[in-house]
Amino acid sequence: MNFVRDVVEAASPAALAVVERTRGGDRREHTFADLLRRSGGLAGSLHQLGVRRGDVVLTLIGNRVEWVETLLACFCTGAVALPCTEQLRAEDLAHRLATAAPAAVVADERNRGVLEAAGPACPVLLVPAPALYTAPPPPVADLAAEDPCLVTFTSGTAGPPSAVLHGQRYLLGQRLQARHWFAARPGDVAWCTASTGWSKSARNAFLAPWLCGATALLHDGRFDPEERVAIASAERVATWCMAPTEYRIIAKRGHVVPIASLHSLVAAGEALDPETLRAWREGTGVDVRDGYGQTETGQLTANPYGAPARPGSMGLPLPGVRTTIEDGELVVDPSTVPTFFLRYLGRPSPVASSVAPFAGPWRTGDQVRRDTDGYLYFEGRTDDVIISAGYRIGPFEVEAVLARHPAVADVAVVAAPDAERGSVVRAIVVPQRGWTPSPELAAQLQEFVKQHTAPYKYPRVVDFVPELPKTPTGKIVRRMLRLPESPAPDS
């Protein structure tokens, strides 16, 4: 197999592969023929530097066509791409350089300073540079499903980021979620807004669109709610994949508008609250369909396209993916997951052999419940579930209620130690503009939770903060919010 030969070369050369919105406001169109020509030249330049099959190439490029071309150059020859987000700092990059030992780095000129501070011990190519795309292209490699192709780092919510190595099967294996969840159609414009370097971007920035016959949209700019919606409208986006935080902010600021071309909205990373889901449904006529996966596994579950979305649910297991629930934890059979990873870099391989899948069940570490129709609901990480006076409380169920209150712009719920109950629920709230933190507001929020869910779930501690600690993908870093050193007051 080879993604370049099987997908890119198989497409019509004149078909529109990428629409690019630059940071400077320009709009550019790129055909498959354009991408093959430029990525082939870049693959030749990397080959001249000594980069060979199996070597790692680190990228530090934003949502630009040069990032797509660099990944295609790697896929073509069997080099292993390590995309990094531009939000990383020198220390972050140094960790990735030490872990992956890349043979080369391809970076945007604007990232030269932070890259030099990280001290790469390998050649660096800075883009855009026209000469890099003119070298004779090397031949397209014949690759096996288990040959490595991609490294993505976990977001590090519970510790230092780990380097996850995926095989070539990961690329074509995206067909499963592309068909049943992402759901772009031939001729669509599909937009995944995730920053390069994160798992969702690797899956859906261009892999899923092209596997569906759609055009990928790239926007190299910071998140601005009003601009985001304006671009989607102007480009007639049909399939839109955004982080839950982005959906939430756009809804809270009143920017949800009808887009006639839109037929698929998807989100993953954390469950969306009912108010946000309602705002998008009423504003666009399209449900936001949640899905679930991990950096190691790729997509595992989805609210399927064509069926009404279940609010708060991460959906059903994708067709063919076998899951069980053991002691509340979601457990997966890796042999049924076409995008399951090979191993962590720097750790013993979890793969039993070169052809056998992971030896044993994969414990996700995520607590879920299943309804009578088989739909799954995320309740928290195994170590995030709060046990208070014998009650098991998922943080999201409390967050979902609090997010409905007009005073709450953002919220996280964690356990706080308590001498009598073991733990109590603690809510950390970012107030909406116009609301002032006070004991009275805290009491109002506590009463609001009691009115809308079981009273034992209400937060006995309410703290206000200007912002929550989050990973670059928008996940709350709950370990930074816990207060193990002192018991929480019983109030």
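## A sheet and a helix pair, in questions

Colleague: In which sense do strand 23 and strand 24 pair, and over how many bridges?

Modeller: Happy to start there, with the reminder that this is a predicted model. Strand 24 covers residues 422-431, and one of its residues, Pro-431, is the bridge partner of Val-408. The two strands pair in the antiparallel sense, over 10 bridges.

Colleague: Nice. Which are the edge strands of the open sheet with the order 23-24-25?

Modeller: This open sheet has 3 strands and mixed pairing. An edge strand here pairs on one side only. That description fits strand 23 (408-418) and strand 25 (461-464).

Colleague: And what is the average twist from one strand to the next?

Modeller: Keep the strand order 23-24-25 in mind. Going from one strand to the next, the twist averages 25°.

Colleague: Which helix packs on the sheet?

Modeller: The helix in question spans residues 439-452 and touches strand 23, strand 24 and strand 25. Its direction makes about 130° with that of strand 25. This is helix 14.

Colleague: Let's turn to helix 2 and helix 3: what is the hand of their crossing?

Modeller: Helix 2 has residues 32-48 and helix 3 has residues 65-77. They pack at an angle of about 65°, with axes 8 Å apart. Their crossing is right-handed.

Colleague: How many residues of that contact are nonpolar?

Modeller: Helix 2 brings residues including Leu-35, Leu-42 and Leu-46, and helix 3 brings Val-65, Val-68 and Leu-72 among them. Arg-38 of helix 2 and Glu-66 of helix 3 also take part. Alongside 3 polar and 3 charged residues, the nonpolar ones number 8.

Conventions: Residues numbered from 1 in each chain as written. Predicted model: local features only at pLDDT ≥ 70, side-chain atom pairs only at ≥ 80, totals over all residues. Heavy atoms only, no water. Pairing = 2+ DSSP bridges. Helix = DSSP H or I, 4+ residues; strand = E, 2+ residues; numbered from the N terminus. Axes fitted to C-alpha atoms, helices over the stretch in contact; angles between N-to-C directions. Contact = heavy atoms within 4.5 Å. Left-handed = near helix turned anticlockwise from the far one by under 90°. Nonpolar A, V, L, I, M, F, W, Y, C, P; charged D, E, K, R; others polar.
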